[in-house]
Amino acid sequence: MAEIKVPELAESITEGTIAQWLKQPGDTVEKGEFIVELETDKVNVEVISEEAGVIQELLFAEGDTVEVGQVIAVVEEGSASGSVTKSPVQADPAEADAPVKNVEQPTSQQVTPKPKEEETSSTDRTIASPAARKLAREKGIDLTAVSTVDPLGRVRVQDVESHSSAPKQTGSVPIASTPKAVPVEDDRIKREKMSRRRQTIAKRLLEVKQSTAMLTTFNEIDMTNVMALRSRKKDKFFDDHDVRLGFMSFFTKAVTSALKKYPYVNAELDGDEVLLKQFYDIGIAVSTEEGLVVPIVRDTDRKNFAEIEANIGQLAKKARDKKLQISDMTGGSFTITNGGVFGSLMSTPILNGTQVGILGMHTIQKRPVAIGDEVQIRPMMYVALSYDHRVIDGKDSVGFLKTVKELIENPEDLLLES
């Protein structure tokens, strides 16, 4: 018998949430094969089995929080034949994901059934399949109140659905005699538990707001020249480098140049000391289904446009595929976030962790602009720099943003620098 434990995840991560069981009781598992996906504060981690055998028991349901070192599943070592036989109770496809206790029968020897107290002694919980627990959480249903016809008392998805659709019991007390109205959830309200990553994002954003003297300054950029340059060069750029030329590489290079000119924007506050970073690792915010993540493009001062575009594309794909590693998102010195891809005209981005600056890009919109003594229609973008006023003064913040503006409006200067 082998125990599957939550492995060491990262230096600062001590727990995770079971996102998805990849194996179920009775399934054969090979040594090194993934059996469960854990969601942590930063990335998703797949846990492997150290032994070949058959899954005997899943000790936690999807959505449960587990700690590093905690046993989450049990594997019977050896081959599936002669080890475990699935009971007909599991033949129903609707129940294929249910962890069954004392239903699977040994084929070669007789085993005394576990006492009922042992079945729930570890958590003292109602026996239910992971899918049933998940559905009950979504509907806000107490599993102990759900009736089941299963001979072992196990709650299944069908039981939760039947309980949800059953008429509510009003009791014998008239409504008029109720001293206080009690809010009752109905079909117009859907209760949804926040994912661990969303909880972490919320917690950290709140911490940043409460622990920094954050201010935001704005400017606007005439995108005419950079759009024209991109239009002229994009086909050849793609032919030469097999990667598309976007605006993010221009902004990344412009930010890098501005950070060299204003080093306190590329800093971090540590107690009463300012850590001036002598490297340029730029975080690029990427939106995923589970929330915003910020993978990092390393050494942007040493990379050309093609290398930056390739890095951004690779990191964005890893983020969407949930393949980002902790190392992909730690150690950044500055962050760029582009709300413009969603149509945002203007916003005040919140600082990323211990960094003291973040640049917000926004949608490009044609607006009338005074050019000399004439009014022309130009493609304009509002940009915002949020910064920690404890480290950065107004002069540096305005100068930094002005430098980014000038470099984007004169993109040939960026090309010469690269």
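**Reading the terms in this predicted model**

Student: Why are strand E1 and strand E8 (residues 71–77) called a pair?

Tutor: They are joined in the antiparallel sense over 4 bridges, and since two strands pair if DSSP finds at least two bridges between them, the 4 bridges of E1 and E8 satisfy the rule. Within this pair, Glu-3 stands opposite Val-74 in E8. Strands and helices are themselves DSSP runs numbered from the N terminus, with at least two residues for a strand (E) and at least four for a helix (H or I). Please keep in mind that this is a predicted model, in which local features need pLDDT of at least 70 and side-chain atom pairs count only at pLDDT 80 or more, while totals for chains, interfaces and linings use all residues. Residues are numbered from 1 along each chain as its sequence is written, and side-chain values use heavy atoms, with hydrogens and water left out.

Student: What makes E1 and E3 edge strands?

Tutor: Strand E1 (2–5) and E3 each pair on one side only, and they stand at the two ends of the order E1-E8-E6-E3, an open sheet of 4 strands with antiparallel pairing. Strands of a sheet pair through backbone hydrogen bonds, either parallel or antiparallel.

Student: How do you know that Lys-23 is buried?

Tutor: Buried means under 20% relative accessible area, exposed means over 50% and partly exposed lies in between, with a 1.4 Å probe and protein chains only. Lys-23 has a relative accessible area of 15%, so it falls under the 20% limit and counts as buried. This residue lies in the loop between strand E2 (15–21) and strand E3 (28–29).

Student: Why is the link between the side chains of Lys-23 and Glu-33 called a polar contact?

Tutor: A polar contact is a pair of N or O atoms within 3.5 Å; within protein, one must be able to donate a hydrogen and the other to accept it, and residues adjacent in sequence count only if both atoms are side-chain atoms. Lys-23 and Glu-33 are joined at 3.0 Å, so their distance is within the 3.5 Å limit. A polar atom of the Lys-23 side chain also lies 3.1 Å from the backbone oxygen of Thr-28.

Student: What makes the rings of Phe-250 and Phe-305 an edge-to-face pair?

Tutor: The structure holds 2 aromatic pairs. In one of them, Phe-250 and Phe-305 are 4.9 Å apart from centre to centre, with 70 degrees between the planes. Rings of Phe, Tyr and Trp (its six-membered ring) pair if their centres lie within 6.5 Å, and planes under 30 degrees apart count as stacked, over 60 as edge-to-face and the rest as tilted; therefore 4.9 Å makes a pair and 70 degrees makes it edge-to-face. Phe-250 lies in helix H6 (residues 247–261) and Phe-305 in helix H7 (residues 305–320), so the pair ties together parts that are 55 residues apart in sequence.

Student: Why is the pair of Phe-334 and Phe-400 given the name tilted?

Tutor: Its planes are 45 degrees apart and its centres 5.5 Å apart, so the angle is neither under 30 nor over 60 degrees and the pair is tilted. Phe-334 has a relative accessible area of 0% and is buried, and Phe-400 is likewise buried at 0%.

Student: How do you know that the charged end of Arg-367 sits over the ring of Tyr-382?

Tutor: A charge sits over a ring if NZ of Lys or CZ of Arg is within 6 Å of the ring centre and within 35 degrees of the ring normal. The charged end of Arg-367 is 4.1 Å from the centre of the Tyr-382 ring, so the distance part of the rule is met. The charged end of Lys-260 sits over the ring of Tyr-280 at 5.9 Å from its centre, so that value is also within 6 Å.

Student: What makes a group of residues a nonpolar core?

Tutor: Such a core is a set of buried Ala, Val, Leu, Ile, Met, Phe, Trp, Tyr and Cys residues joined through side-chain atoms within 4.5 Å. The largest has 50 residues, and those touching the most other members are Phe-251, Val-255, Phe-334, Phe-400, Val-404 and Ile-408. A second, separate core of 19 residues includes Ala-2, Val-6, Trp-21 and Val-75.

Student: Why is Asp-242 called exposed, and what is notable about its phi?

Tutor: Its relative accessibility is 62%, so Asp-242 is over the 50% limit and counts as exposed. Most residues other than glycine have a negative phi, yet Asp-242 has a positive phi of about 60 degrees.
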